[in-house]
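Me: Could you take a close look at one part of this chain for me, the sheet and the core that goes with it? Keep it chatty, and walk me through it in one go.

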Amino acid sequence: TATGPLTAAYNPGAGPGPARSGGSCTAGATNGSTALGEAASLVRVKLQLNGASGRLLLTLSGPADRWFGVGFKAQAMADRPYTVIVDGHGDVTERRLADHDVGTQLP
């Protein structure tokens, strides 16, 4: 069973600058083996971890007419976060960002 805080940091969209906290929620067990966490700003992120199977379900939703992305374990691109990018046409890629750079697409 996993519990603990989920904190979202997001870029306010006004150009470069530090991320700011976008809210938090507590990941709470809904049954003996599942933890849920959800946060939203311009993009909604929902994580569902099944402790029994070790599987994580990640659900992202955002604007349909432009790209958006979500990075994990970082508050700035300089932290080189693992990211999931949705390109505005329905294609999804995983990337390791670099400091103010598109970084590397992951296999």
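Reply: Going along the sequence, you meet β-β-β-β-β-β-β-β-β. Put as a count, that makes 9 strands and 0 helices. Keep in mind that this is a predicted model.

Now to the sheet you asked about. It is an open one of 4 strands, in the order β6-β7-β8-β9, and the pairing is antiparallel. β6 and β9 (101–105) sit at the edges with a single partner strand each, so each has one side with no neighbour in the sheet. On average, neighbouring strands here are turned by 40° against each other, if you ignore direction. As for how such strands hold on to each other, strands of a sheet pair through backbone hydrogen bonds.

Start at the β6 edge. β6 pairs with β7 (residues 82–86) in the antiparallel sense, over 5 bridges. If you want one pair to click on, try F68, whose bridge partner in β7 is V86.

That pair also takes us to the core. F68 and V86 both belong to the largest nonpolar core, which has 6 residues; the others are V43, V45, L47 and V70. Two elements give two or more residues to this core: β4 (44–50) and β6 (68–72). With β6 at an edge of the open sheet, the core is a handy place to cross over to β4.

β4 has its own partner, β5 (residues 55–61), and the two run antiparallel over 7 bridges. Together they form a hairpin with 4 residues between the strands. N50 stands opposite R55 of β5. In the turn, G54 has a positive phi of about 75°.

For a glycine that may not catch your eye, but two other residues should. As a rule, most residues other than glycine have a negative phi. R80 goes the other way, with a positive phi of about 55° although it is not a glycine. You'll find R80 in the loop between β6 and β7, back in the open sheet. R80 counts as partly exposed, because its relative accessibility is 49%. The second case is H100, again not a glycine and again with a positive phi of about 55°. H100 lies in the loop between β8 (92–98) and β9, the loop that leads to the other edge strand. With a relative accessibility of 64%, H100 counts as exposed.

What about charged pairs? Searching the whole structure turns up 1 salt bridge. R66 makes it with D65, and their closest N and O atoms are 3.3 Å apart. R66 is partly exposed, since its relative accessibility is 49%, while D65 is exposed at 59%.

Finally, some whole-chain numbers to set the core and sheet against. Of the 107 residues in the chain, 16% are buried. The chain exposes about 7,300 Å², and carbon and sulfur atoms supply 53% of that. Take the contacts between residues at least 6 apart in sequence: 17% of them join residues at least 24 apart.

If you open the model now, I'd go from F68 and its bridge partner V86 to the hairpin of β4 and β5, then look at the loops that hold R80 and H100.

Definitions and conventions. Residues numbered from 1 in each chain as written. Predicted model: local features only at pLDDT ≥ 70, side-chain atom pairs only at ≥ 80, totals over all residues. Heavy atoms only, no water. Core = buried A, V, L, I, M, F, W, Y, C linked by side-chain atoms within 4.5 Å. Buried < 20%, exposed > 50% of the residue type's maximum accessible area, 1.4 Å probe, protein only. Pairing = 2+ DSSP bridges. Axes fitted to C-alpha atoms, helices over the stretch in contact; angles between N-to-C directions. Salt bridge = Lys/Arg side-chain N within 4 Å of Asp/Glu carboxyl O. Contact = heavy atoms within 4.5 Å. Areas by Shrake-Rupley, 256 points an atom, 1.4 Å probe, with all protein chains shown as cover.
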